[in-house]
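Q: I am new to this structure and would like to learn how to read it. Could you take me through its features step by step?

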Amino acid sequence: MYRLIAFKDSYIYQDKWWLVDDEKVDCTVQELADMVESSLIIGVDVQAFSPLNKTTVAGTTPAEYLDEVTERLKWHKYRNYTLNNYMAYTYDAVWAIALMLNSSATKLKEGKSNKRLEDFTYTDTDMYDLFFHEMAASDFFGASVDPSNPHIVKMFIVKTCASVGDGILPRFLIFVDKIILLLSGLFLSFEIRNVPSLGDSRQVTLSIYNIVIFGACGLILVILLENDPINSVLFSSALVICCTTILLMIMFLPKENDQSQGRSQDINLKFCGNVPRELREENRRLKERLREVTGSNRGIGFGCVRSLCKHFKQDGVVYLTSRKEEDGKKAVADLEKEGLNPRYHQLDISNQQSVEALRDHLKKEHGGLDILINNAAMAFKMNDSTPNDVQAKVCNQVNYFDTAQVFTIMSPILRPHARVVNVASLGGVSAFKRIGEGLKEEFKKAATAEAVDEYTAAGENEKYGYTPGTNYGFSKLALITLTRIQNREIQKDASRPGIRVFSVTGSNRGIGLACVRALCKHFKQDGVVYLTSRKEEDGKKAVADLEKEGLNPRYHQLDISNQRSVEALRDHLKKEHGGLDILINNAGMAFKVADPTPNDVQAKVCNQVNYFDTAQVYTIMSPILRPHARVVNVASLGGAMAFNSIASELKEEFKKAASVKAVDKLVNNFILYTAAGENEKYGYTPGTNYGFSKLALITLTRIQNREIQKDATRPGICVFSVCPGHVSTAMSNYTGKTSDEGADTIVWLSLQPQDTTVAGGEFYSDRKVFPIFSSSNKLLGSHSPGKTAKH
């Protein structure tokens with residue numbers, strides 16, 4: 001406060017009082033000027049003197065204060081002043097400050113900071129915040145009044161500052177930056193004026209998104225920093241610069257890339273694969289495939305590169321490779337004259353380091369390879385004077401061993417659904433026909449690359465069944481044989497689809513075993529089928545029986561009632577195969593009709609295994625289900641009969657059940673009322689333990705299918721429930737149709753193609769939807785007419 005005594009002669013100040021030096025004040029004139037002109041103004045709205053005859057905070061009424069002011073204005077030294085309403089709110093403002101300082105001093109004294117009012121500096125933000133907090137909390141009766149509401153005094157606080165950052169230099173730098181960006185954009189536009197993607201609507205859309213997003217961010221920053229103009233200017237300027245820069249990049253860099261792809265980068269390897277990782281992440285607009293052709297600077301390889309470039313145009317990256325760099329670059333230049341854009345990389349298939357260099361380049365730049373055409377080869381001319389043993393060695397080294405080396409080195413970067421083409425010859429067929437019968441059988445049965453390697457190194461041709469002079473043909477025969485082995489081995493890699501993975505719970509006998517058998521027969525070498533069982537010895541015996549039939553299932557222990565067991569299977573499938581394509585939930589149980597186990601125990605155990613444990617398997621396994629996976633829950637028409645037997649109110653609850661929790665509640669109530677002997681009282685039917693558990697599973701299937709369909713990252717997953725029929729198993733006392741017949745609809749559902757029209761979430765019997773919740777469900781077991789459930 002400028003004055004320490006507010007109610008004497010010094011209360012009314014002269015004009016610009018802060019510029020007058022005063023011995024009573026220990027501040028300099030400049031300090032007072034800084035405070036008054038650029039720091040803080042505190043006051044109230046302009047209001048009249050209060051008409052209320054009530055004592056103010058100073059101990060006088062507003063009328064008494066008005067009389068005192070009026071009297072003082074008669075004094076000679078105040079002759080130039082007139083009475084006005086500012087006097088009332090000035091009175092209140094001074095008291096507001098005084099009370100604020102008083103309460104602030106008390107808070108400082110009570111606090112742990114050891115600060116006092118005398119310690120205040122304009123850079124002390126803590127005390128600054130304390131002053132404003134106490135000011136907002138002040139409450140007193142003053143001399144002024146709001147004419148519209150005499151009981152309310154309107155106070156306001158205004159913070160002002162002089163910006164030190166909004167000067168000429170920052171504005172000049174921003175202006176220069178924009179000029180540079182504009183000139184760069186004009187230069188790029190001129191340089192790439194002939195590029196057709198200039199008007200690409202996708203780039204225009206991205207540009208609009210860019211402006212909208214940065215504009216919104218700028219607006220939010222301005223609002224948040226309205227009291228901090230320096231940072232507001234800095235951040236707003238930064239956003240403008242970023243927005244402008246990114247806008248130019250979106251509009252011009254894709255076009256520059258279009259043009260740069262036309263420059264020669266020769267490579268004798270032609271290749272189908274995705275675009276470089278950088279462009280894929282920046283634009284996400286092209287799904288390019290990468291192609292590679294070995295030995296492609298001339299002849300067949302050159303023709304392959306030309307065809308692939310024409311076919312894929314802007315949707316792929318094709319690599320031309322050659323042993324001699326000058327030959328490859330000349331071939332690329334010839335194709336560029338035709339308007340094509342192959343890339344180049346040197347490749348000598350006889351040099352391991354050269355092949356590895358290409359592999360590393362493709363992995364770094366594109367992340368993998370989609371098409372590999374192994375065309376590089378050699379042959380001696382008919383009249384070549386090179387000794388036959390040398391020809392045999394060189395020909396087989398290049399055409400077989402080196403080509404095999406390319407596949408071995410490149411195969412780790414092959415992407416899912418990749419294609420590898422080994423260019424062979426009918427000379428291989430001629431060579432096969434001319435070798436001995438024993439060798440023919442060896443080639444037919446060759447199961448490993450090592451076995452093929454042995455044949456190509458043999459000497460004394462005729463003695464061992466080989467035909468002299470078939471060096472080229474024999475090398476191609478070896479390559480054809482190797483191709484079969486390569487294909488079979490790569491198909492076992494389930495982490496790169498083409499291989500599908502299946503798991504059948506409770507599959508050591510009965511319907512589950514029949515499902516495993518059918519899947520093994522169907523997929524042969526194209527799928528991995530897991531047989532599971534609670535007891536390991538039972539499961540391994542079942543696997544051994546199937547192996548005797550020429551099938552190759554794999555085994556993993558699984559107890560669906562044990563969470564850790566289910567998680568162990570999930571972790572194994574994820575680690576070994578990367579995911580799961582088909583899950584058949586077949587494991588279940590039922591008590592025999594004459595079983596003496598108490599009914600409440602049967603109800604609890606039957607629903608625990610058939611419903612809760614089966615639901616647990618799905619919950620744990622669902623995160624590793626791959627796109628277009630199939631889940632089949634094996635239920636029963638007993639579920640339909642149980643539905644018909646319950647009260648109408650319960651039927652509606654099953655129909656409307658929209659969550660797993662809703663079904664859980666219905667099952668838990670069934671178990672609870674069975675234990676209490678009150679099933680009929682609440683609309684449930686006694687003795688339907690197995691059927692009720694399957695009804696719950698059928699209802700759960702609808703919910704599981706609806707929820708998994710919402711996962712856009714894994715499209716096409718379907719969950720079905722199915723009745724296998726009355727099958728001859730241990731559960732049915734071995735009466736009914738065969739297990740293979742019972743597995744028919746289950747396997748049919750699990751093998752539905754990606755574009756299937758078979759509806760997920762439904763209950764199936766004999767390959768048809770069974771309308772369990774419809775009035776067309778005519779199975780026996782309908783609830784007694786007029787019977788209702790108590791709730």
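A: Happily! Let's start with a definition: a residue counts as buried when its relative accessible area is under 20%, as exposed when it is over 50%, and as partly exposed in between. Keep in mind that this is a predicted model.

Q: Is Cys520 buried or exposed, then?

A: Cys520 has a relative accessibility of 7%, so it counts as buried. You will find Cys520 in helix H17, which covers residues 510–523.

Q: Which residues does Cys520 contact, apart from its neighbours within four places in sequence?

A: Heavy atoms within 4.5 Å make a contact. With those neighbours set aside, Cys520 is in contact with Val529, Leu551, Asn552 and Pro553. Take Pro553: it is 33 residues from Cys520 along the chain, and the two C-alpha atoms are separated by 6.6 Å.

Q: How do I read the protein as a whole?

A: Begin with the secondary structure, which comes to 26 helices and 18 strands. Of the 791 residues in the protein, 41% are buried. The protein exposes about 42,700 Å², with 55% of that supplied by carbon and sulfur atoms. Among contacts with a separation of 6 or more, 74% are between residues 24 or more positions apart.

Q: How are two packed helices described?

A: Two numbers do the job: the angle between the axes and the distance between them. Here, helix H23 (residues 660–676) and helix H24 (residues 689–708) pack at an angle of about 170°, and their axes are 10 Å apart. Angles over 145 degrees count as roughly antiparallel, so H23 is roughly antiparallel to H24.

Q: Which residues meet between H23 and H24?

A: From H23 come Val660, Val663, Leu666, Val667 and Phe670; from H24 come Asn689, Phe692, Ala696, Thr699, Leu700 and Ile703.

Q: What does Tyr611 touch, not counting residues up to four places away in sequence?

A: Tyr611 sits in helix H20 (residues 599–621). Its relative accessible area is 0%, so Tyr611 is buried. The residues it touches include Val660, Val663, Asp664 and Val667, along with Ser693, Ala696, Leu697 and Leu700. Tyr611 and Leu700 are 89 residues apart in sequence, yet 8.6 Å apart in space from C-alpha to C-alpha.

Q: Where does His577 lie?

A: His577 belongs to helix H19, residues 563–577. With a relative accessible area of 2%, His577 is buried. Val528 is 49 residues from His577 in sequence, and their C-alpha atoms are 9.0 Å apart in space.

Q: How do I recognise a pair of aromatic rings?

A: Look for ring centres within 6.5 Å; if the planes are over 60 degrees apart, the pair is edge-to-face. By this rule the count comes to 13 aromatic pairs. One of them joins Phe643 and Phe773: the ring centres are 5.1 Å apart and the planes are at 85°, so this pair is edge-to-face. The pair links distant parts of the chain, with Phe643 in helix H21 (residues 637–645) and Phe773 in the segment after strand S18 (768–769), 130 residues apart. Both Phe643 and Phe773 are buried.

Q: How far apart are the ring centres of Phe763 and Phe770?

A: Their centres are 6.0 Å apart and their planes are at 80°, so Phe763 and Phe770 are also edge-to-face. Phe763 is buried at 2% relative accessible area, and Phe770 counts as buried at 18%.

Q: Which residues do ring pairs link into a cluster?

A: The cluster joins Phe654, Phe670, Tyr673, Tyr682, Tyr684 and Phe692.

Q: Which charged side chains should I look for over a ring?

A: Try Lys440, whose charged end sits over the ring of Phe432, 5.7 Å from its centre. Lys651 lies over the face of Phe643, at 5.7 Å from the ring centre.

Q: What should I look for in the phi angles?

A: Most residues other than glycine have a negative phi. His628 has a positive phi, near 65°. This residue is in strand S15 (residues 625–634), and at 22% relative accessibility His628 counts as partly exposed. Arg767 also has a positive phi, near 65°. Arg767 lies in the loop between strand S17 (763–765) and S18, and it counts as partly exposed at 39% relative accessibility.

Notes:
Residues are numbered from 1 along each chain as its sequence is written. This is a predicted model: local features need pLDDT of at least 70, side-chain atom pairs count only at pLDDT 80 or more; totals for chains, interfaces and linings use all residues. Side-chain values use heavy atoms; hydrogens and water are left out. Rings of Phe, Tyr and Trp (its six-membered ring) pair if their centres lie within 6.5 Å; planes under 30 degrees apart count as stacked, over 60 as edge-to-face and the rest as tilted. Helices (H or I, at least four residues) and strands (E, at least two) are DSSP runs, numbered from the N terminus. Buried means under 20% relative accessible area, exposed over 50%, partly exposed in between (1.4 Å probe, protein chains only). A charge sits over a ring if NZ of Lys or CZ of Arg is within 6 Å of the ring centre and within 35 degrees of the ring normal. Accessible areas come from the Shrake-Rupley method with a 1.4 Å probe; for residues, only the protein chains shown count as cover. Axes are lines fitted to C-alpha atoms, for helices over the stretch in contact, and angles run from 0 to 180 degrees between N-to-C directions. Angles under 35 degrees count as roughly parallel, over 145 as roughly antiparallel, 65 to 115 as roughly perpendicular and the rest as oblique.
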